[in-house]
Amino acid sequence: MAQIQLEIITPQAIVLEETVDEVILPGSAGEIGVLPGHLPLMTTLGSGRLIAISAAGQRKFAVHGGFAEILPDKVVILTGAGESVDDIDLSRAKEALERAERAIKAAETKPEDESVAELHRAALERARARILIAEEGE
Ligand code: ATP
């Protein structure tokens, strides 16, 4: 049966290189499901959940921004950070969420530069994705 070679690459490491049957990835415009034979496509990624599905089961990863290159037999994820469920430190993510929420709230009364506001929103999205995946488990 046709399969997909999945690679998840961050600036720090190759997080995953595996042959799988299906990939569900967090495109910035919404979730994309990829089966073998998918038409070639490049997409930007949001912060969210990537699911790698194979006969052995499914594995979930938090991925944070970047790009996905989708080919009929290959999916390459180039992302800012990527963590498996086991790698996620839930209390660290909860602290990061609180920090980002505090910063966004503070900016309501003391407006900040749009680029700084964008960093806080991105941190909030990263923390939310990590919490969702860690709490959900495999
Ligand atoms: P924090 O404020 O806690 O550092 P962050 O969202 O700013 O969170 P990133 O810049 O996305 O962190 O990631 C920096 C590095 O730390 C990456 O290697 C990422 O995988 C790792 N990392 C960040 N948060 C967590 C977490 N909660 N659990 C595991 N690894 C994490």
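**Exercise 1. Place Glu-22 in strand 3 (residues 22-27) and decide whether this residue of the predicted model is buried, partly exposed or exposed.**

Solution. Begin with the secondary structure: Glu-22 is found in strand 3, which covers residues 22-27. Next, take the relative accessible area, which is 24% for Glu-22. Since buried means under 20% and exposed means over 50%, Glu-22 is partly exposed because its value of 24% falls in between. Then turn to the surroundings: once neighbours within four places in sequence are left aside, Glu-22 is in contact with Ile-4, Val-34, Leu-35, Ile-51, Ala-52 and Ile-53. As a last step, consider a residue that does not appear in that list of contacts, Leu-45, which is 23 residues from Glu-22 in sequence and 17 Å from it in space, C-alpha to C-alpha.

**Exercise 2. Two residues of strand 1, Leu-6 and Ile-9, are to be described: which class of exposure does Leu-6 have, and which does Ile-9 have?**

Solution. Strand 1 runs over residues 4-9 and holds Leu-6, and Ile-9 lies in strand 1 as well. Leu-6 has a relative accessibility of 0% and therefore counts as buried, whereas Ile-9, at 23%, counts as partly exposed.

The contacts come next, and in both cases residues up to four places away in sequence are not counted. Leu-6 touches Leu-16, Glu-17, Glu-18, Val-20, Val-23, Leu-50, Ala-52, Val-75 and Ile-77, while Ile-9 touches Ile-14, Val-76, Ile-77, Leu-78 and Thr-79. One partner of each can then be followed along the chain: Ala-52 is 46 residues from Leu-6, with 8.1 Å between their C-alpha atoms, and Ile-77 is 68 residues from Ile-9 in sequence, with a C-alpha separation of 6.0 Å.

**Exercise 3. Describe the surroundings of Val-63 and of His-64, and state which side chain makes a polar contact with that of His-64.**

Solution. Val-63 is placed in strand 7, and His-64 is found in strand 7, whose residues are 57-64. Val-63 is buried, because its relative accessibility is 0%; His-64 is buried too, because its relative accessible area is 7%.

With residues up to four places away in sequence not counted, Val-63 touches Ile-8, Pro-26, Gly-46, Ser-47, Gly-48, Leu-50, Ile-77, Thr-79, Ala-81 and Gly-82. For His-64, again leaving aside neighbours within four places, the contacts are Gly-46, Ser-47, Thr-79, Gly-80, Ala-81, Glu-83, Arg-126, Ala-129 and Arg-130. One of these, Ser-47, supplies the side chain that makes a polar contact with the side chain of His-64, at 3.2 Å. By way of a distance to a residue outside the contacts of Val-63, the C-alpha atoms of Val-63 and His-38, 25 residues apart along the chain, are separated by 21 Å.

**Exercise 4. Build up the site of the ligand step by step: which residues surround the ligand, and which helix gives the largest share of the shell?**

Solution. First, list the shell: the residues around the ligand are Ala-81, Glu-83, Asp-87, Ile-88, Asp-89, Arg-92, Ala-93, Ala-96, Arg-99, Arg-126 and Arg-130. Secondly, assign them to helices: helix 1 (90-109) and helix 2 (114-136) each supply at least two residues of this shell, and helix 1 gives the largest share, with four residues.

Thirdly, look at the short distances between polar atoms. An N or O atom in the side chain of Glu-83 is 2.5 Å from an oxygen atom of the ligand, and a backbone N or O atom of Asp-89 lies 2.8 Å from a ligand nitrogen atom. The side chain of Arg-92 also has an N or O atom 2.8 Å from an oxygen atom of the ligand. Taken alone, the ligand exposes 590 Å², and the protein buries 68% of that. Finally, the space that the ligand takes is the largest pocket.

**Exercise 5. Set these sites in the whole chain: how many helices and strands are there, and what share of the 138 residues is buried?**

Solution. The protein chain has two helices and ten strands, and read along the sequence these follow the pattern β-β-β-β-β-β-β-β-β-β-α-α. Buried residues make up 40% of the 138 residues. Among contacts between residues at least 6 apart in sequence, 54% join residues at least 24 apart. The C-alpha atoms fill a box of roughly 55 × 30 × 25 Å along the principal axes, and the accessible surface comes to about 7,800 Å², of which 54% belongs to carbon and sulfur atoms.

Key. Residues are numbered from 1 along each chain as its sequence is written. This is a predicted model: local features need pLDDT of at least 70, side-chain atom pairs count only at pLDDT 80 or more; totals for chains, interfaces and linings use all residues. Side-chain values use heavy atoms; hydrogens and water are left out. Buried means under 20% relative accessible area, exposed over 50%, partly exposed in between (1.4 Å probe, protein chains only). A polar contact is a pair of N or O atoms within 3.5 Å; within protein, one must be able to donate a hydrogen and the other to accept it, and residues adjacent in sequence count only if both atoms are side-chain atoms. Contact means heavy atoms within 4.5 Å. A residue is near a molecule or strand if one of its heavy atoms lies within 4 Å of it. Accessible areas come from the Shrake-Rupley method with a 1.4 Å probe; for residues, only the protein chains shown count as cover. On a 1 Å grid over the protein atoms alone, a cavity is a set of points where a 1.4 Å probe fits but cannot get out, and a pocket is an open set with protein on both sides within 12 Å along at least five of seven lines; lining residues have an atom within 4 Å of a point. A molecule sits in a cavity or pocket if more than half of its atoms lie within 2 Å of its grid points.
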